[in-house]
Amino acid sequence: MKSSYELAMERLQKQSPTVALTDEQKAEISELDSLCRAKIAEKELFLGDLLAKARAAGKAAEIESLTKQLAYETAGIREDFEAKKEKVRKK
């Protein structure tokens, strides 16, 4: 007799089967992850420097603005790369 977990996993597998990725796809996704981390680090360095200057000057409004900008740009980069990775998965 199967457990409820096994039955649930079977139903899930029928609804959305797991797709095995090729080595080429895995390499492309890995490269995209690396590029994504690099882009985010670049933004953090650039905006982090501006944030440090704003903190040193005590500019609260500028600090808040830069913090929001960093969060927005980081989310945009991640979203863009997730879309690119999804395209690779569907090849």
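## Close-up views of charged and nonpolar side chains

**View 1. Glu86 and its partner Arg89.** Glu86 has a relative accessibility of 34% and so counts as partly exposed, between the buried limit of 20% and the exposed limit of 50%. Please keep in mind that this is a predicted model. The side chain of Glu86 meets that of Arg89 in a salt bridge, with 3.3 Å from N to O. Both residues belong to helix H3, where they are three residues apart, or about one turn of the helix. Arg89 is likewise partly exposed, at 30% relative accessibility.

**View 2. A network of three charged residues.** Here, Asp33, Glu82 and Lys85 are joined into one network by salt bridges that share partners. Side chains of opposite charge can pair when their charged atoms come close. How many salt bridges does the count come to? The count is ten.

**View 3. Glu28 and Lys91, a link between distant parts of the chain.** A salt bridge connects Glu28 with Lys91, and their closest N and O atoms are 3.1 Å apart. Where do the two partners sit? Glu28 is in helix H2 (residues 23-57), while Lys91 is in the segment after helix H3 (60-89), and their positions lie 63 residues apart in the count along the chain. Glu28 is partly exposed at 24% relative accessibility. Lys91 has a relative accessible area of 66%, over the 50% cut-off, and is therefore exposed.

**View 4. Lys2 and Glu10.** In this salt bridge, the closest N and O atoms of Glu10 and Lys2 are 2.2 Å apart. Are these side chains buried, exposed or in between? Lys2 is partly exposed, with a relative accessible area of 44%, and Glu10 is also partly exposed, at 33%.

**View 5. A lysine over a phenylalanine ring.** Take a look at Phe81: the charged end of Lys84 sits over its ring, 4.9 Å from the ring centre. As for pairs of aromatic rings, the count comes to zero.

**View 6. A nonpolar patch on the surface.** Which residues make the nonpolar surface patch? Tyr5, Met9 and Leu12 make it, and its area is about 320 Å². Met9 is found in helix H1 (residues 4-15). With 39% relative accessibility, Met9 counts as partly exposed. A patch residue needs over 30% relative accessible area, so Met9 at 39% passes that cut-off.

Conventions
Residues numbered from 1 in each chain as written. Predicted model: local features only at pLDDT ≥ 70, side-chain atom pairs only at ≥ 80, totals over all residues. Heavy atoms only, no water. Salt bridge = Lys/Arg side-chain N within 4 Å of Asp/Glu carboxyl O. Buried < 20%, exposed > 50% of the residue type's maximum accessible area, 1.4 Å probe, protein only. Helix = DSSP H or I, 4+ residues; strand = E, 2+ residues; numbered from the N terminus. Phe/Tyr/Trp six-rings, centres within 6.5 Å; stacked < 30°, edge-to-face > 60°. Lys NZ or Arg CZ within 6 Å of the ring centre and 35° of its normal. Patch = residues over 30% accessible without salt bridge, like charges linked within 9 Å, V, L, I, M, F, W, Y side chains within 5 Å. Areas by Shrake-Rupley, 256 points an atom, 1.4 Å probe, with all protein chains shown as cover.
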